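Welcome! Let us take a walk through a protein model together, going from its surface to its helices and then to the confidence behind it.

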Amino acid sequence: MIGYWGAVVGRAVRGESAPVTYGLITVCCLVFLIGPASGLSPAYGTGDELLSAQRAYFERWGVVPVELFSGAPRAAVTPATALFVHGSWLHLLGNMLFLYVFGAMAEERMGHFEFALFYVGCGYLALLGYAAAHADSTQTLVGASGAISAVLGAFLYLFPKARVTSLFPFLFFLPLRFPAWVVLPFWVSLQWLAAGRETQGPGVAYLAHLLGFSLGFLSAWVRYGRPARVKSPATATEGETQP
């Protein structure tokens, strides 16, 4: 199960129009509230009955690597459904905070439809990649972390100089402002170090974070390429308007 983010919490300037980002946040919250993980619905019971309902729910909608590669048609859609399922309040709130902080500007730059495809596609591939690396595991993966990591990767490419107000636990949560090219690579470094100690037991799927971030950054690089160079007067051809 993909757990919470920790380490860095930031605030970037948000875009003015981001219906997909806010829609994703709304859907994830609603799915969590009506599911057994929230503990709010009496229909799932309490105690052992609730724990059993939670396990069954995660196994139905989450990714179980050993089942995903068994060839079962139903299992093939779970890397998509798992993006909308979260295991705890902390898991949900951590993911939604990062999506809220970085998603709107990325969506405004990409466009609504393209951003939606990007989010689901990169999230699917991130969970698929994690499952492939743990193909014999029966542990369930749920959460939007892989997709949101892709948003962070795209954000770093698209807005490397955007100022992000960050809270660092080891600095007593003192708010400091840094450009994205400082904050996000630092976050990736933490994921890389944690991935080296990752086990197949329940916890945070750091490898999915790294895969998602890499996919997001590469997708933005391929889609938008390098910024066009401004021609100097010496290289401009006759008849062109000089910048």
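About 12,700 Å² of this protein is exposed, and carbon and sulfur atoms supply 66% of that area. Keep in mind as you look around that this is a predicted model. On the inside, buried residues account for 44% of the 243 residues.

One place on the surface deserves a look. Leu 30, Leu 33, Ile 34, Leu 40, Trp 89 and Leu 93 together make a nonpolar patch of about 610 Å². Two elements, helix 1 (19-34) and helix 5 (89-110), each give two or more residues to this patch. Helix 1 is the one that gives the most, with 3 residues. And where does Leu 40 sit? Leu 40 is found in the loop between helix 1 and helix 2 (47-61). Leu 40 counts as exposed because its relative accessibility is 54%, and the cut-off for exposed is over 50%.

Now step back to the overall plan. The secondary structure consists of 9 helices and 3 strands. If you read along the sequence, the pattern is β-α-α-α-α-α-α-α-β-β-α-α. How do the contacts spread along the chain? Taking contacts between residues at least 6 apart in sequence, 74% join residues at least 24 apart.

Next, the charged pairs. How many salt bridges does a search of the whole structure find? The search finds 2, and here they are with their N to O distances.

| Salt bridge | Distance |
|---|---|
| Glu 67 and Arg 74 | 3.7 Å |
| Arg 223 and Glu 114 | 3.0 Å |

Let us begin with Arg 223 and Glu 114. Arg 223 belongs to helix 9 (residues 206-224) and Glu 114 to helix 6 (residues 112-133), so this pair ties together parts that are 109 residues apart in sequence. Are these partners buried, exposed or something in between? Arg 223 counts as partly exposed because its relative accessibility is 47%, and Glu 114 is also partly exposed, with a relative accessible area of 26%. In the other bridge, Glu 67 is partly exposed at a relative accessible area of 35%, and Arg 74 counts as partly exposed at 43% relative accessibility.

Helix 6 is worth following further. It has 22 residues and reaches 32 Å from its first C-alpha to its last, close to the 32 Å expected. Which of its residues are buried? They are Phe 115, Phe 118, Tyr 119, Cys 122, Gly 123, Ala 126, Leu 127, Tyr 130 and Ala 131. To make sense of such spacing, remember that an α-helix has 3.6 residues a turn, so residues three or four places apart point the same way. The buried residues of helix 6 pack against several helices, including helix 1, helix 5, helix 7 (145-158) and helix 9.

That brings us to helix 7. Helix 7 has 14 residues and spans 20 Å from its first C-alpha to its last, close to the 20 Å expected. How many of the residues in helix 7 are buried? The count is 14 of its 14 residues, and helix 7 is mostly covered.

Finally, a word on confidence. The mean pLDDT of the protein is 80, and 75% of its residues reach 70 or more. Over residues 170-174 the pLDDT is below 50, and this stretch has 7 contacts in the model beyond near neighbours in sequence. Residues 227-243 also have a pLDDT below 50, with 6 contacts beyond near neighbours in sequence.

Key
Residues are numbered from 1 along each chain as its sequence is written. This is a predicted model: local features need pLDDT of at least 70, side-chain atom pairs count only at pLDDT 80 or more; totals for chains, interfaces and linings use all residues. Side-chain values use heavy atoms; hydrogens and water are left out. Patches are made of residues with over 30% relative accessible area and no salt bridge: like charges are joined within 9 Å, nonpolar side chains (Val, Leu, Ile, Met, Phe, Trp, Tyr) within 5 Å. Accessible areas come from the Shrake-Rupley method with a 1.4 Å probe; for residues, only the protein chains shown count as cover. A salt bridge is a side-chain nitrogen of Lys or Arg within 4 Å of a carboxyl oxygen of Asp or Glu. Helices (H or I, at least four residues) and strands (E, at least two) are DSSP runs, numbered from the N terminus. Buried means under 20% relative accessible area, exposed over 50%, partly exposed in between (1.4 Å probe, protein chains only). Contact means heavy atoms within 4.5 Å. The expected span of a helix is 1.5 Å times one less than its number of residues. pLDDT is the predictor's confidence in each residue, from 0 to 100.
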